[in-house]
Amino acid sequence: MKIIHCKSFKFTRISILLALLGILSIQPVFSQSGTVTGLVRDDSGAPLQGVSVTVKGTNNGVVSDINGKYVINNVSGDAVLSISFLGFVTEEITVGSQTVINVTLQESTQELDEIVVIGYGAVRKRDLTGSVTSIRSEEIAKVNLPSLNHILKTQMPIDVRPGGLEPGSNPAIEIRGNNVLNSNISNNNPLWVVDGVPMQSSSMVINPYDIVSVDILQDASAAAIYGSRGANGVIIVTTKQAQVGAEKTSVTYNGWAGFDKVTRRPKLMNGEQFTAYKRAAWFNSGNLSSIGDATLEKTMQGDYDGQIFDAMQQEAIERGVSTDWYGLVYGGTAFNMNHNLTVSTSGKVTGTVISLGYLTQESLVPYAGYDRYNLNFSNKLKPSKRVEFTTKILGTYSKNDHATGAVDLLYQLTPLASPYDKDGNPQLYVGTDAFETNPVMEAENSLNEVFEYNIIGSTAMKWNIWDNLNYEVALRADYANSDNGRFDDVMTLDRQGTKPPAARYQKNTILATTFDNILSYNKAFAKIHRIDAMVAFNTENYQNKELMLRTEDMSFDGLYYNMGTASTVLEKGSKLTEWTIMSFMGRVNYSLLDRYLLTATFRRDGSSRLPTGNKWTQYPAFAVSWLLGEEPFMAALKDKFLDNLKLRLSYGNVGKMSIAPYSTLGALGGPNWYAFDNTPVKGYIPNTIPNTNLVWEKTTEYNLGIDFSIYKGRLSGTIDLYDKYTDGLIMPRNLPYTSGFASYQMNIGKINNSGVQVTLRGDIIRNDDFVWNMGITFYKNRNKIVDLYGDKQDDVGSSWFIGQPIRVYYGYDMVGVWQEEEADAAAVYGAQPGWPKLLDVTNEEPDKPAIRATEDRVIIPTDPKWIGSLNTSLAYKGIDLYVNIYTRQGSRGGSSEYQTGEPGRRNVIQEEFWTPENRSNEHPFAYANGAFKTGGPNNSENGLGDYALFDLSYIRLANVSLGYTLPVKFTQKFSVSNARFFMNISNPYVYAPKYKGNDPENTGRGYPMVTAYQFGLNLSF
């Protein structure tokens, strides 16, 4: 039995061993079906889309979605996940028992493999020879603004100027200075290219949540591939693209709701202040000189109010009326919402992305606002390894209800006026002045709405002919339809309360198509040579159809929809504009030893706009770069602190489409009516001379750049110095009256822009729990006119001066206010105490000083001396904070808030104006009949000197965003892979010590600068 027992024991031991081996053999089977999920972020905490997550040594792999989420199946416990993304260090992690693996990737500054889109292709950042500034979706996502333009302003070294501040408006973007003199035929806007489509419509239609990257081609070398379109720079926008690979589906939602309030408002006078001001202005103007006992003291006591104020104003003074017109129109709250939903699916052969967006922005002005609907559809079909078909559609529908221009008149209304009559009923005219209309009634009784439909689409086929040779053919289109309807009822300024209602309708339909053929080749030779080349041929066709009708006195109140019933047609017209460009282009990137780089670009454009013989022109460009940090003699520095050091030098030519279609052909004007035998006959006469000499305006630019990174990416940056000349500017030359024509256009003007652009990034703290990084941009541009009409002579009437910037103030320099102790000196100039003191520039005759009409004017540039921004991100576990500060320094400009027309008649900014008791040296005394007495030539009453010219330097806290991401262990319980809540404040504070108006960026009388408060949510499933 004992032996049997021993045998039994041995058998049992063997059985257990076999069982264990069976379990071990079965375990991989179960773990192969295991699933690992997680989030991939960069070192600032922002999610990374498109990250490759693969099981090392296998074909099992997926890519992360827009929120950085990945889900990978069939992962064993001993598997190693490889997480890789261009521009970042690859991470390898053993799975073990983990089912959730979150990863933070560090930027790979040594590899420099980040892809930069350069137009008709892309290159690794390390191979870039031109000047290109880029921003990615993770930076864009930090700033929850409805317009991409505002985001570029605070994160790029470029100049973004407000083109308007009301919802739906587009600012103006300047890349490396102003190239425009004649704004009637040209503009300074860059070329926008969205998913390969040269965009003709407004950039406001782009939904920031659809964007993957933005690359700005700044120098002529980078932009030369766009030839006659690239003189103002090129902004390339890449939106979400469908991916083909592992089978997966992801859903993301990004949205916020919030409201706008006026950031800071101008301090206009109240009723009491205005009453005192007008009394003083009336006395100082001599309007009471006929009254023998009139004194300033009696005037200020109200003894002569019957001669100063009309009956309505006197009654208002007695009743203590003090209307805050600004607060009445802009004092409310505007509510906003933005929702974006993205569904992405991918398979082994096909992939699709569908994104829907909705934005609504209320206006502070009643009955105004902006609504936008966005659709982004992307599909990719890859039936084989060598052929790929893509379809891309960006669709936008928007409605913009504009505030009527009459709202701006609120700056002219005195606080003694009231929006209501004695019975409390709204009234159109709030005073005895013909321009004193009620802005609230203007908003209620007028309509100005714009409907826009935009489609940017493309369909393309890519064919990998051989391993290194690719061909792409694409048809791209930009369609924009705009319907503008305007209606003014009887109770508006336009209709003056008595004229019949008027309506206006204008329709514009733009269709621009591009047909691209691109052949590209890349090959490495002998391990030291590498060539990346492309040649392309394309055609662009543009068509714009316009229709306009303006009528009055419709038979019933149907806004602008019943214009057919109008008894009077005030204006009607239609127009067709077409042009075509045909282009041949090529680019070669050559690399030697992976550190000596050469780029040669050539484009030849032919345009229908130009006259016969001048239709074709060419744009060559060359650039070289030297990866100095890769040299063997730099090894010691690389071991200590140097990651990357690259020098760049480029030269290139680009052009500008500044010639209006048909303008070189000559034109007829009319109709003109003639009488033949008492019979009216319609005729036309030539009003433009045919022009066979015009050519494109051209820009030649030199750029010197340096890229660097030290201490494993802790500090990196780019510095660019540039100098560019825009030659052959199209300028009108006046002709003798005997010619029968007023002017003739010629290529004669020349402008120079030179400056520096700096972008720096620093990782101050970088560890597993806490990340703090900072970015700085600096931009300085010097603009000057080199020549105007070929004779090196100034154009004083246009305020254009050789050697000076295009934008200048030309007038008298107010250096103070004449004080009482200076009465004798003031009298010599024909002035008196309280009047502005103007700078006597020439002082040619000390014994007979005078302010001369032209000699004593000064030229003051209004462009900023420099622009900069600072943005910083902090992330601690689930908490993230983003702060952006933006500044413009050295900018001077006029303020229409101070130029209210006629002080004493219109309201003005609260200031301590000069009186014998209050001897201000900044603000002259009140004067009613015009602006201010100046003591200038002929004692002009309308010249203001530079009184209304201010130092508009400011520092703006542009954006603050605070977010919290819920732990993954918690969100997975609800099948949510990522959930982040955030609060965002845009433009909460501006420091402008030398300007007291509305805002230093908004010195006019239009829509004010606002502070936006937003509360939002980011979700991914």
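Colleague: What makes β36 and β39 a strand pair?

Modeller: Strand β36, residues 808-811, and β39 pair in the antiparallel sense over four bridges. Pairing needs at least two bridges, so four are enough. One partner can be named: V808 has P861 of β39 as its bridge partner. Keep in mind that this is a predicted model.

Colleague: Which side chains of β39 are buried, and which are not?

Modeller: Strand β39 covers residues 858-861, and its side chains alternate. V858 and I860 point to one face and are buried. I859 and P861 point to the other face and are not buried.

Colleague: Why is T726 called buried?

Modeller: Its relative accessibility is 2%. Buried means under 20%, so T726 qualifies. T726 lies in strand β33, residues 715-734.

Colleague: What makes the link between T726 and T699 a polar contact?

Modeller: The two side chains make the contact at 2.9 Å. The limit is 3.5 Å between N or O atoms, so this pair falls within it.

Colleague: Why is helix α3 described as largely enclosed?

Modeller: Seven of its eight residues are buried, so the rest of the structure largely encloses α3. The buried ones are L148, N149, I151, L152, K153, T154 and Q155. At the start of α3, a side-chain oxygen of S147 comes to within 3.2 Å of the backbone nitrogen of N149.

Colleague: Now the cavities. How many does the structure hold, counting those of 30 Å³ or more?

Modeller: There are nine. A cavity is space where a 1.4 Å probe fits but cannot get out. The largest has about 640 Å³ of space.

Colleague: What makes a residue part of the lining of the largest cavity, and which lie nearest its centre?

Modeller: A lining residue has an atom within 4 Å of a cavity point. For the largest cavity, 38 residues line the space. L145, H150, S986, M1009 and V1010 lie nearest its centre. Several elements give two or more residues to this lining, among them α3, β11 (159-161), β17 (248-262) and β41 (879-889). Also on that list are β44 (954-965), β45 (978-991) and β46 (1010-1020). The largest share, four residues, comes from β46.

Colleague: How does that lining divide into nonpolar, polar and charged residues?

Modeller: There are 17 nonpolar, 15 polar and six charged residues. Gly counts as polar in this scheme.

Colleague: What about the second largest cavity: how much space, and which residues are closest to its centre?

Modeller: It has about 130 Å³ of space. Its lining has 14 residues, and I118, T129, A222, R587 and T599 are the closest to its centre. At least two lining residues come from each of α4 (220-223), β26 (568-592) and β27 (596-607). The lining divides into six nonpolar, six polar and two charged residues.

Colleague: Back to β41. How do you know that β41 pairs with β40 and with β44?

Modeller: Count the bridges. Strand β40, residues 866-876, and β41 pair in the antiparallel sense over 11 bridges. Another 10 bridges join β41 to β44, and those two run antiparallel. The minimum is two, so both count as pairs. As for partners, Y876 has I879 of β41, and Y882 stands opposite S961 in β44.

Colleague: What lies between the strands in the hairpin of β40 and β41?

Modeller: Two residues. In this hairpin, K877 takes a positive phi near 55 degrees.

Colleague: Why are β4 and β7 said to stand at the edges of their sheet?

Modeller: The sheet is open, with three strands in the order β4-β1-β7 and mixed pairing. β4 (69-73) and β7 (103-104) each have a single partner strand, so one side of each is left without a neighbour in the sheet. Five bridges join strand β1, residues 35-41, to β4, and the two run antiparallel. L39 stands opposite K69 in β4.

Colleague: Which are the edge strands of the sheet with the order β3-β2-β5-β6?

Modeller: This open sheet has four strands with antiparallel pairing. Its edge strands are β3 (61-63) and β6 (91-94), each pairing on one side only. Neighbouring strands here are turned by 20 degrees against each other on average, direction ignored.

Colleague: What makes β2 and β3 a pair?

Modeller: Three bridges join strand β2, residues 52-55, to β3, and they run antiparallel. Two would be enough, so the pair counts. T54 stands opposite G61 in β3.

Key
Residues numbered from 1 in each chain as written. Predicted model: local features only at pLDDT ≥ 70, side-chain atom pairs only at ≥ 80, totals over all residues. Heavy atoms only, no water. 1 Å grid on protein atoms, 1.4 Å probe; cavity = no way out; pocket = protein on both sides within 12 Å on 5 of 7 lines; lining within 4 Å. Points joined across faces, edges and corners; volume = space filled by probe spheres on them. Axes fitted to C-alpha atoms, helices over the stretch in contact; angles between N-to-C directions. Buried < 20%, exposed > 50% of the residue type's maximum accessible area, 1.4 Å probe, protein only. Polar contact = N/O pair within 3.5 Å; in protein donor to acceptor, adjacent residues only side chain to side chain.
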